[in-house]
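Here are a few notes to read alongside the model. I have set them out as numbered points, so you can follow each one in your viewer.

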Amino acid sequence: EEDQVVRTPEDNSNWKSASPSFQVSPASGESLPWQVLFTNTNLAWSVSRGQNVIGAILDSGISSHPDLDGKIIGAIDFTGSSYGTADRYGHGTGVGGVYGGRINSASGTAGIAPEARILNGKVLGDSGNGFFGDVASGIVWATDNGAKVVNMSLSGPNPCPRVIEDAAKYAIDRGVVLVAAAGNQGNRGALCPASYPGVIAVSSVDQNGSISSWSNRVDQNGAYAPGGVLKTTKNDGGYELRAGTSFAAPGVAGEAALLWVSRFGNSAQSVKDHILQNLDPIAGITGSGTIDSARALGITVPGLPPPVFSPCEPRPNVGLSVVREPGTTGVLIVDVTAGLGNFLPVNGSAEYYLFPAPPNNAIVENLTPPPVTTTIRLRVRQITSGSPVTVPISVADNCGIWRTFVGGGAGAFR
């Protein structure tokens, strides 16, 4: 399975006859590419420009470019290329530009998150081909190196192999937003890894808001973004026109970066909610639409539905109830309650809670019978009488992880 071939989705051969438009934003006077204005990203920049958010571009590498130099904080080559992490094929540099290129009025280019930082993970070789095993290694590497969003403008056959499933779950469980190109076959449904549950699959629209004829189409849990004829960074230091879901996907990844440094960036689920619940409608598409960065960041846009806020806002609190177990000495009964009550499994001492640090002077038992509800009941036994006890607790639900603790001085257990 690791040796299954994955590659950049083929660009549409007809786009070269088209010409992208570049406009001047009245608010800033900057010459901005159409995809920035089409997605209301220029309005969103009043709230966030993705400052210092780390996004991983898993692709064919990224070459030196004035719009990207100094933004790349880490790079690794999984392919064994003699060119290292440079983009010999000429794909990853353009993807990186759409995601996080600096605003360049002279060229009329800008990334959706122009102040974000980038991890350059080369998982596709110098021919544009690669292997699922390398993509999976890239996902884990990006997660371990602080990425908050991972963009994969590549695709391979369904179903996703186990190595991709395991890597994607590893990242999702650690609060990383995964984004991938749906593919350019003109079919309904996305290819792997965009087809894996939890990954945001991205299809393409053109400057008229119409679905690109060659784009695979997604419905639920997917999004559409500008991918028809974008001007972006080229691997020789210049600029070029590109089209494909490969160049739509980093637009969504860029919007995720904007959200991470907004008031909605307290968890990956909140970020995803604000992307997917604030899509502008597309005729004939149910359950999806085109990304709108302004609405995602809570900005009202005239003529469009009002922003939709994630159920994670405001973030529910974790409640604690602590009582001494009747008829005992040195034993507390602790109820841990998460307000939203939509728990996710986490790895740790028990199925639905964990200790981020070992309990101090205590033995902890889980008293909650399956199925787990919104409240987890623990028995905390003091080991040494007269010594303080601390029990760090983390509770995870669909909005993220809450950390709290129960404990105190020796008197609490008398």
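1. Let's start with a loop. Asn-40 sits in the loop that links α1 (34–38) to α2 (41–44). Although Asn-40 is not a glycine, its phi is positive, at about 60 degrees. For background, most residues other than glycine have a negative phi. Please keep in mind that this is a predicted model, so the values here are computed from its coordinates.

2. Two prolines deserve a look as well. Which peptide bond has omega near -5 degrees? The bond from Asn-158 to Pro-159 does, and it is cis; Pro-159 belongs to the loop between β8 and α5 (162–173). The bond from Cys-192 to Pro-193 is also cis, with omega near 10 degrees, and Pro-193 is part of the loop between β9 (177–181) and β10. In general, most peptide bonds are trans.

3. Next comes the sheet. Seven strands form an open sheet with parallel pairing, in the order β5-β6-β4-β8-β9-β10-β11. At the edges are β5 (72–77) and β11 (222–226), each of which pairs on one side only. From one strand to the next, the twist averages 25 degrees.

4. For a closer view of one pair within the sheet, try β4 (residues 54–59) and β8 (residues 149–152). These strands run parallel and are joined by four bridges. Leu-58 stands opposite Met-152 in β8.

5. How do α3 and α6 (residues 245–260) meet, and at roughly what angle do their axes cross? The axes come within 7 Å and cross at roughly 35 degrees, and the crossing is right-handed. From α3, the contact uses Gly-94, Val-95, Val-98 and Tyr-99, while α6 brings Ser-246, Phe-247, Pro-250, Gly-251, Ala-253, Gly-254 and Ala-257. By class, this contact has seven nonpolar and four polar residues, with no charged ones.

6. Now for enclosed space. The model holds three cavities of 30 Å³ or more, and the largest has about 60 Å³ of space. Its lining consists of Gln-35, Asp-67, Gly-97, Val-98, Gly-101, Arg-102, Thr-109, Ala-110, Gly-111, Lys-231, Thr-232 and Thr-233. Two elements give two or more residues to this lining, α3 (92–100) and β12 (230–233); the largest share, three residues, comes from β12. The lining of the largest cavity has two nonpolar, seven polar and three charged residues.

7. The second largest cavity has a volume of about 40 Å³. Gln-35, Thr-39, Val-98, Ile-112, Pro-226, Phe-247, Gly-251 and Ile-291 line it. Here the classes are five nonpolar and three polar, with no charged residues. Val-98 is worth selecting in your viewer: this residue of α3 takes part in the contact with α6, and it is listed in the lining of the largest cavity and of the second largest cavity.

8. Last, an open site. The second largest pocket contains about 220 Å³ of space. Which residues lie nearest its centre? They are Gly-198, Val-199, Gln-220, Asn-221 and Gly-222, out of 19 that line the pocket. Elements giving two or more residues to this lining are β10 (200–205) and α7 (268–276). The lining of this pocket divides into nine nonpolar, six polar and four charged residues.

Technical notes
Residues are numbered from 1 along each chain as its sequence is written. This is a predicted model: local features need pLDDT of at least 70, side-chain atom pairs count only at pLDDT 80 or more; totals for chains, interfaces and linings use all residues. Side-chain values use heavy atoms; hydrogens and water are left out. On a 1 Å grid over the protein atoms alone, a cavity is a set of points where a 1.4 Å probe fits but cannot get out, and a pocket is an open set with protein on both sides within 12 Å along at least five of seven lines; lining residues have an atom within 4 Å of a point. Grid points are joined across faces, edges and corners, and a volume is the space filled by probe spheres set on the points. Ala, Val, Leu, Ile, Met, Phe, Trp, Tyr, Cys and Pro count as nonpolar, Asp, Glu, Lys and Arg as charged, and the others, Gly among them, as polar. Axes are lines fitted to C-alpha atoms, for helices over the stretch in contact, and angles run from 0 to 180 degrees between N-to-C directions. A crossing is left-handed if the near helix is turned anticlockwise from the far one by less than a right angle, and right-handed if clockwise. Contact means heavy atoms within 4.5 Å. Two strands pair if DSSP finds at least two bridges between them.
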